[in-house]
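Visitor: I'd like a close look at one part of this model. Could you walk me through the start of the chain and the charged contacts that tie it to the rest?

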Amino acid sequence: MNKKMRVLAALENRETDHVPAAFWFHFPAEKAEGQACVDAHLQWYRDTDQDFIKIMCDGYFGYPNETLEKLADVSELYKMKPLGENHPFIREQIERAAAIVKAADGECCVFYNVFCPLSFFRLQTSWEKMMECMKADPEAMKYACGVIAQDAKALVKGLIEEAGCDGIYYCVQNAETFRFTAEEYRRLVTPSDKDVLDYANTLSTHNILHCCGWGGDKNRVEVWQDYEAAAINWAVYVEDMDIPSGRQFFAGKPALGGFDNRKEGILYSGKEEEIRKFTRELIETCGKKGFLLGADCTIPSDLPVEHIHWVLETARSM
């Protein structure tokens with residue numbers, strides 16, 4: 001198998017010749033936008049020789065909607081309108097993805113990070129503003145997330161149909177156990193989550209769901225249990241749910257992960273033989289069907305590239 005065949009087989013829950021692997025991190029400000037960002041992604045891919053490219057949406061975390069930029073009262077959310085498919089926020093991300101896909105030249109699969117609507121809201125405002133608005137007028141927030149979803153879907157359409165991405169890496173967040181009950185999340189957040197994800201699934205059958213545990217706080221992962229995606233990536237070490245358990249929890253779907261992304265994890269802090277041994281044991285436990293090696297979330301930007309080489313070399317020897 002070549003890289004593309006291998007990753008697509010894993011996402012389709014088929015046996016692979018060896019387990020594919022990929023890791024990623026947030027680039028510094030000087031490499032977060034424009035050609036510098038394109039070059040940084042390609043350089044990381046070439047330096048690691050990993051099996052696919054996951055494009056970071058660095059530089060586009062917030063959602064530059066005028067209503068959110070000037071938000072003073074929750075009632076103003078009912079006046080929100082989409083940015084539109086030609087807004088620079090959407091066009092520039094599509095152009096970034098297209099440049100990377102073109103440079104990859106069919107050698108590997110390429111996925112683009114897309115946040116769920118509520119995260120776009122939070123990243124433009126704040127955790128505090130998000131929860132303040134949720135408590136003050138949940139329906140206004142649902143409306144706002146519905147507007148954001150329209151732009152997220154325009155972005156997804158451009159990424160897949162125009163830029164040529166194989167799918168999206170869809171990041172769902174905000175389900176920490178202290179933030180919402182499961183019923184609240186399903187009622188207030190799931191509709192916009194699924195609006196974008198279900199639309200993405202009409203354009204590609206190879207989308208990856210990232211159940212984000214970046215802050216180290218446990219999530220109510222059950223709220224995402226019925227979200228449809230080709231593969232699921234969750235925070236194994238935050239949720240205390242290993243790969244076999246998680247695959248069972250998510251109805252047998254392919255899994256991406258296995259490594260702790262934090263500095264105390266073996267990928268960052270381990271010695272060569274420790275990393276190789278851990279990789280071997282992961283593959284022996286999880287097998288070569290429907291499994292991709294990766295981390296719980298983004299890795300530290302100063303993680304030595306040799307550590308990635310040790311994982312890849314070990315996987316390719318099995």
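Guide: Here's a tour that begins at the first helix, follows its salt bridges, and ends at the empty spaces. Keep in mind that this is a predicted model.

Let's begin with helix H1, residues 3–11. Of its 9 residues, 7 are buried, so H1 is largely enclosed by the rest of the structure. The buried ones are Lys3, Arg6, Val7, Leu8, Ala9, Ala10 and Leu11. At the N-terminal end, Asn2 acts as the cap, with a side-chain oxygen 3.2 Å from the backbone nitrogen of Lys4. Just past the other end, Asn13 has a positive phi of about 65°.

Now for the charges. Side chains of opposite charge can pair when their charged atoms come close. Arg6 has such a partner in Asp51: they form a salt bridge whose closest N and O atoms are 3.1 Å apart. Arg6 sits in H1 while Asp51 belongs to the loop between helix H2 (34–48) and strand S1, so this pair links distant parts of the chain, 45 residues apart. Both Asp51 and Arg6 are buried.

That same H2–S1 loop also holds Asp49, which pairs with Arg316 of helix H14 (residues 305–316), so parts 267 residues apart in sequence get tied together. In the Arg316–Asp49 salt bridge, the closest N and O atoms are 2.9 Å apart. Here the burial story changes: Arg316 is partly exposed at a relative accessible area of 31%, and Asp49 is partly exposed too, at 35%. Zoom out a notch and there's one network, held by salt bridges with shared partners, that joins Lys3, Arg6, Asp17, Asp49, Asp51, Glu107 and Arg316.

For the wider context, the salt-bridge count comes to 26. One that sits out in the open is Lys70 with Glu66, where the closest N and O atoms are 2.9 Å apart and both residues are exposed.

Step from the loop into strand S1 (residues 52–55) and you reach Lys54. Lys54 is buried but has no salt bridge, and the nearest side chain of opposite charge, Asp58, is 7.6 Å away; a salt bridge here would need the atoms within 4 Å. What Lys54 does have is a polar contact of 3.2 Å with the side chain of Asn113.

Lys54 also takes us to some empty space. Rolling a probe the size of a water molecule over the atoms shows where such space is left. There is 1 cavity of 30 Å³ or more, and the largest cavity holds about 60 Å³. Its lining is made of Phe23, Trp24, Phe25, Phe27, His41, Trp44, Tyr45, Gln50, Ile53 and Lys54. By class, that lining has 7 nonpolar, 2 polar and 1 charged residues. H2 and S1 each supply at least two of the lining residues, with H2 giving the most, 3 residues.

One last stop is the largest pocket, with a volume of about 300 Å³. Of the 19 residues that line this pocket, His26, Gln173, Cys212, Trp214 and Cys297 are the closest to its centre. Strand S2 (109–115), helix H5 (117–124) and strand S3 (167–172) each supply at least two lining residues. The class breakdown for the pocket is 11 nonpolar, 6 polar and 2 charged.

Definitions and conventions. Residues are numbered from 1 along each chain as its sequence is written. This is a predicted model: local features need pLDDT of at least 70, side-chain atom pairs count only at pLDDT 80 or more; totals for chains, interfaces and linings use all residues. Side-chain values use heavy atoms; hydrogens and water are left out. On a 1 Å grid over the protein atoms alone, a cavity is a set of points where a 1.4 Å probe fits but cannot get out, and a pocket is an open set with protein on both sides within 12 Å along at least five of seven lines; lining residues have an atom within 4 Å of a point. Grid points are joined across faces, edges and corners, and a volume is the space filled by probe spheres set on the points. Helices (H or I, at least four residues) and strands (E, at least two) are DSSP runs, numbered from the N terminus. Ala, Val, Leu, Ile, Met, Phe, Trp, Tyr, Cys and Pro count as nonpolar, Asp, Glu, Lys and Arg as charged, and the others, Gly among them, as polar. Buried means under 20% relative accessible area, exposed over 50%, partly exposed in between (1.4 Å probe, protein chains only). Lys and Arg count as positive and Asp and Glu as negative; His and the chain ends are not counted. A polar contact is a pair of N or O atoms within 3.5 Å; within protein, one must be able to donate a hydrogen and the other to accept it, and residues adjacent in sequence count only if both atoms are side-chain atoms.
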